[in-house]
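Reader: Hello! I would love a close look at the salt bridges in this model. Could you take me through some of them, partner by partner?

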Amino acid sequence: MLTQISRAARVEDLTEARYAGVRWYAGGVYDRETVPAEKIKGKTLYLIKHGDIVYNRMWATKVSFGVVKKDADGCFVTNDFPVFTVDPEAILPEYVEAIFHTEPFQSEAAGRAVGTTERRRLHERDFVNIPVVLPPLPVQERIVEVICVVDNQITALDAEADTLHVVLRRLRSELVNDQSAPAVRADEAFDITMGRQRAPKYATGPHMTPYLRSANVGYGTLDLTDVLEMNFDPKEREAFGLVPGDVLVSEGSASQSAVGMPAMWRGELPEPICFQKTLMRYRAIEGVSVPGFVNHWCLWAYESGTFLDIAGGTNIKHITAMRAVRMPVRLPDVADQERIAAELDTMSEVVAATRAEAHRLRSVRARLLAGLLDRTIDIESAELEV
């Protein structure tokens with residue numbers, strides 16, 4: 001159903017080239033960047049057009065397959081990106097794109113890739129020989145239409161969630177950095193503690209304490225799934241333990257341009273947890289601050305670049321304890337903090353619910369597409385349901 005094509009162009013004949021890329025997990029072909037011809041090392045590039053099928057030989061295991069849409073029409077790729085046209089009398093480009101999202105195709109492509117590293121290569125001869133379900137063109141059109149309806153809903157939910165998140169960030173900035181509130185030092189508003197100096201030794205017995213590392217901290221969340229793999233001397237629990245409601249922000253980060261992301265654990269911890277020196281704990285002080293306000297203040301400090309502004313270092317930015325405790329904090333009274341935290345929590349839940357619905361629809365889409373292709377779901381009933 002596919003024919004490989006080569007629209008070779010000499011770099012010496014170009015003034016610049018719009019490079020295309022192919023996103024992982026069938027995310028599509030996109031206009032990646034424009035590069036002046038004098039900075040291109042190779043001698044030959046290959047033109048792609050709307051409706052072409054393109055994949056990245058080196059990332060077949062990451063489902064780097066896509067169809068060229070209008071925004072990438074006229075871009076160029078290197079010889080690591082084989083290009084194909086479809087037989088219009090037999091198959092639709094949009095139907096090929098749908099196939100790329102199915103588990104049988106992805107498993108088959110990964111299985112046919114050869115090599116010893118993660119970047120195993122999928123040769124063209126092996127790609128074109130992958131078997132696919134091929135219904136008549138009218139049925140393909142109906143399948144594509146059904147999937148497009150679901151895709152449009154997912155896109156709308158993603159856009160809504162992104163918009164709501166922008167509103168949340170703006171609201172958080174207004175509320176937790178209200179210039180009319182009194183300004184105090186961070187150590188007057190929060191209990192700030194650094195993690196221990198060294199990684200813990202493995203302990204034995206029934207009183208082992210989990211150990212939290214930077215890798216366990218994500219945007220707004222703590223991942224405790226693997227904290228029991230490293231344990232802490234139980235004698236030092238009290239000095240470095242955590243309690244529900246603690247807020248942490250990473251002192252070190254793998255990023256070259258930002259400090260780590262703050263997180264808050266909500267709910268009961270399995271037991272006191274000790275933490276690495278690359279983590280700082282921000283905890284509410286009774287009668288002075290409340291956990292919810294501390295959490296949103298840390299999120300604001302990360303989102304606004306306030307943490308980054310006080311960070312030192314060149315390649316890996318980090319915050320020292322001395323700089324952390326001197327940060328200015330706009331601290332309203334406790335009643336206002338509780339109101340602010342409740343308002344921001346409600347907005348955060350709306351954003352999370354919208355993203356969860358988009359995630360649920362993606363799962364529905366995957367099952368629907370698989371059922372339509374293997375004919376366990378009837379196309380007529382799917383059209384009615386959608």
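Author: Happy to! Let us begin with R18 and D31, which form a salt bridge whose closest N and O atoms are 3.0 Å apart. Please keep in mind that this is a predicted model. The two partners sit in distant parts of the chain, with R18 in strand β3 (residues 16-23) and D31 in strand β4 (residues 28-36), and they are 13 residues apart. How accessible are they? R18 has a relative accessible area of 26%, so it counts as partly exposed, and D31 is also partly exposed, at 33%.

Now to the helices. R355 pairs with D162 in a salt bridge, and here the closest N and O atoms are 3.2 Å apart. This pair, too, links distant parts of the chain: R355 belongs to helix α10 (residues 334-374), D162 belongs to helix α4 (residues 137-176), and their positions lie 193 residues apart in the count, that is, they are 193 residues apart. R355 is partly exposed, with a relative accessible area of 35%. D162 is partly exposed as well, its relative accessibility being 42%.

Helix α4 comes up again with R169, whose side chain meets that of E303 in a salt bridge of 3.8 Å, N to O. Because E303 lies in helix α7 (residues 291-303) and R169 in helix α4, this pair ties together parts that are 134 residues apart in sequence. For these partners the surroundings are worth checking one by one. E303 has a relative accessible area of 15%, so it is buried; the cut-off for that word is under 20%. R169, at 35% relative accessibility, counts as partly exposed.

Some salt bridges also share partners. In this way R57, D80, R121 and E124 are joined into one network. E124 deserves a look of its own: this residue lies in helix α3 (residues 124-128), and with a relative accessible area of 17% it is buried. What does E124 touch, if we leave aside its neighbours within four places in sequence? The residues in contact with E124 are then Q4, Y55, R57, P82 and F84. R57 is thus on that contact list and is also a member of the salt-bridge network.

To put these examples in context, a search of the whole structure finds 22 salt bridges. For your own viewing, you might start with R18 and D31 in their strands, go on to the pair R355 and D162 in their helices, and finish with E124 and its contacts.

Terms used. Residues numbered from 1 in each chain as written. Predicted model: local features only at pLDDT ≥ 70, side-chain atom pairs only at ≥ 80, totals over all residues. Heavy atoms only, no water. Salt bridge = Lys/Arg side-chain N within 4 Å of Asp/Glu carboxyl O. Helix = DSSP H or I, 4+ residues; strand = E, 2+ residues; numbered from the N terminus. Buried < 20%, exposed > 50% of the residue type's maximum accessible area, 1.4 Å probe, protein only. Contact = heavy atoms within 4.5 Å.
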